[in-house]
Amino acid sequence: MFAATERDFQYKRTEKMFRALFGFMVLILAIPVLMILAILLIKGGPAISMAFIFTDPTNGMTEGGIFPALLGTIWLVVVSMMASVPLGIAAAVYLSEYAPDNWVTRAINLATINLAGVPSIVHALFGVGAFVVFFRFGTSILAASLTLAVMTLPVVIVSSWEALQSVPRAFREACWNMGATRWQTIWNVVLPNSIAGILTGVILQVSRAAGETAPIMFTGAALFLPFLPESVFDQTMALALHLFVVATQVPGVPEQLPYGVALVLIGIVMIMNTLSIWFRMKLRGKKKW
Amino acid sequence: MVSQAARAGDSAKKGAANRKVKLSVRNLTIRYGDVVALNNANLDIYENEVMGVIGPANSGKTSFLNAINRMSDMRSNMTVEGEITFNGVNIRDWRNVYALRSRIGVVFPLPVGLPMTIYDNVTLSPRLRGITDKRVLDETVERCLTRAALWDEVKDRLNHLGSMLSGGQQQRLTIARALSQDPDLLMLDEFSIAVDPVTTMRIEDVLKELKSQMTIILVTNLVQQANRLADRTSFFLNGEHVETGETEALFEGRTQDQRTRDYIEGRFG
């Protein structure tokens, strides 16, 4: 009665097979990531120095550092997040907490998700039409940042919406039953318990904004500038575009230079993602319900 | 505290003969879309009584509670017709729905400990009303937790998460939170569903004490719980309010409707 039957062995074999299959998939996923990092470190590592990070490019961008591009990327990311984060979270709160469940809301949700899938070059062209030409911002940090904001907005909305929806409805009902307004409920119960998820989504968008080239190359990022931007109405250099330029547009660049730029760019993204994970761990800390 | 004692005293003087109507329900019909959850219910609930509401699942008991504190406002497909008068004022004419709801404490079938500290759970309602005085809040926490028979178990860890307490403790926390509203009316919706028998008996003892200070509507699927606690009992069946009578009379078999008698005596289905 307790002896293993043929069926038991078959279950065991199937279990082993799927375990191996899924494990193999993870391996396939991990190999390119590790190889990219390894190649960048080997080829770009020697280029990295304090001087590389804190000096201007010289001699037709074939020598020197990347400081203006690094600073420009920080400008672009900060300004674009200042636009997309408040707007995106507010929109998500409305869609999740206030909007009635009818076809208009569902249509807006669907449109938002679709917008997240629009290629970045389309956002770039929209940015040129809307911000550079129509609003007369010219090619500037402001126009480029707003274009990046439009691009990241749908994902900020969707990820924030998901974080808000993960708070059980029973918590809201308990609050409403006490006489709390919708806003009091959001402020006291919903936001404190979804902020970790919201911020995670936001920080992931920061790294996306830092890495995009297409949306900024027509709207405010310049190939080379002999000066640093002083306001949001100036043009700027940016790391992603700088990498594109030194890798493909300028002849006679030593091989380690573009690898070094890529390494710095990926470094920024990784620092951001690490920060996001650390933040989430700190806020979630322990299980709350 | 003084006003509460005075209120309790007032109602005691009026006595059973001249009972003041706390909540009056006229021609109440509740629909979800086209589905009727409760059809043309009429009943009065008197001040400082425990009104038991019994009936099988899907008979409109919970919808009845939701209509009283206008939770229909938060649900797009729930419509309420008829008139509910609370403290002499139609609930639709209250200056705002939040004032109405803050007078009514609600306890749910499944315990809801909000994911904040025990202290914050109990002080949330006062804080929403703008009370910030630490001494008042401290006093509220001790008073409400004591009345909900939870104080001794949690007094040394008020800064722990309310949502991580055990089920029975969370249910008492929910009651403490409802009491922190200083409600006129306490509505309990099958509170013992997720609570062990010992905790249930403790909560029932609490309710017996609270009766002198507030009106209680006790929706329950345990017929004997209504018998133990309720002064009068209503029987709901398939969206119909079948009858309301003195609990004692109903449980002695003096019902107006045979179905009530069958349900109470467990001869249903």
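Here are some notes on the predicted model shown above, point by point.

1. Let's start with how chain A is divided. The domain assignment splits chain A into domain 1, residues 12-47, and domain 2, residues 60-284. Measuring over C-alpha atoms is how the centres are taken here, and 28 Å separate those of domain 1 and domain 2 of chain A.

2. How many residues of domain 1 of chain A are in contact with domain 2 of chain A? There are 7 of them, and they meet 8 residues of domain 2 of chain A. If you sort the domain 1 side by class, you get 4 nonpolar, 2 polar and 1 charged residues.

3. Now have a look at A:Gly260, which sits in helix H12 of chain A, residues 256-284. Leaving out residues up to four places away in sequence, A:Gly260 touches A:Gly44, A:Ala47, A:Ile48 and A:Phe52. For another distance to check on screen, try A:Phe244: from A:Gly260 it is 16 residues away in sequence and 13 Å away in space, C-alpha to C-alpha.

4. Is A:Gly260 buried or exposed? A:Gly260 has 25 other C-beta atoms within 10 Å, so it counts as buried, given that the cut-off for buried is 20 or more.

5. Next, a helix pair. Two packed helices are described by the angle between their axes and the distance between the axes. In chain A, helix H5 (residues 120-134) packs on helix H6 (residues 141-165) at an angle of about 135°, and their axes are 9 Å apart. That angle makes H5(A) oblique to H6(A), because angles over 145 degrees would be needed for roughly antiparallel. As for handedness, H5(A) passes H6(A) in a right-handed crossing.

6. Which residues make that contact? From H5(A) come A:Ser120, A:His123, A:Ala124, A:Phe126, A:Gly127, A:Phe131 and A:Val132. From H6(A) come A:Ala143, A:Leu146, A:Thr147, A:Val150 and A:Met151. Taken by class, the residues of this contact are 8 nonpolar, 4 polar and no charged.

7. Last, the place where the two chains meet. Here 17 residues of chain A are in contact with 19 residues of chain B. Two helices of chain A, H7 (169-177) and H8 (182-190), each supply at least two residues of the side that touches chain B. H7(A) gives the most to that side, with 5 residues.

8. What is that side of chain A made of, by class? The side touching chain B has 9 nonpolar, 6 polar and 2 charged residues.

Note on methods:
Residues are numbered from 1 along each chain as its sequence is written. Chains are lettered from A and ligands numbered from 1 in the order in which they are written. This is a predicted model: local features need pLDDT of at least 70, side-chain atom pairs count only at pLDDT 80 or more; totals for chains, interfaces and linings use all residues. Two residues are in contact if their C-beta atoms, placed from the backbone, lie within 7 Å. Helices (H or I, at least four residues) and strands (E, at least two) are DSSP runs, numbered from the N terminus. Ala, Val, Leu, Ile, Met, Phe, Trp, Tyr, Cys and Pro count as nonpolar, Asp, Glu, Lys and Arg as charged, and the others, Gly among them, as polar. Axes are lines fitted to C-alpha atoms, for helices over the stretch in contact, and angles run from 0 to 180 degrees between N-to-C directions. Angles under 35 degrees count as roughly parallel, over 145 as roughly antiparallel, 65 to 115 as roughly perpendicular and the rest as oblique. A crossing is left-handed if the near helix is turned anticlockwise from the far one by less than a right angle, and right-handed if clockwise. Domain bounds come from an automatic or database domain assignment. A residue is buried if 20 or more other C-beta atoms lie within 10 Å of its own, exposed if 12 or fewer, and partly exposed in between; C-beta atoms are placed from the backbone.
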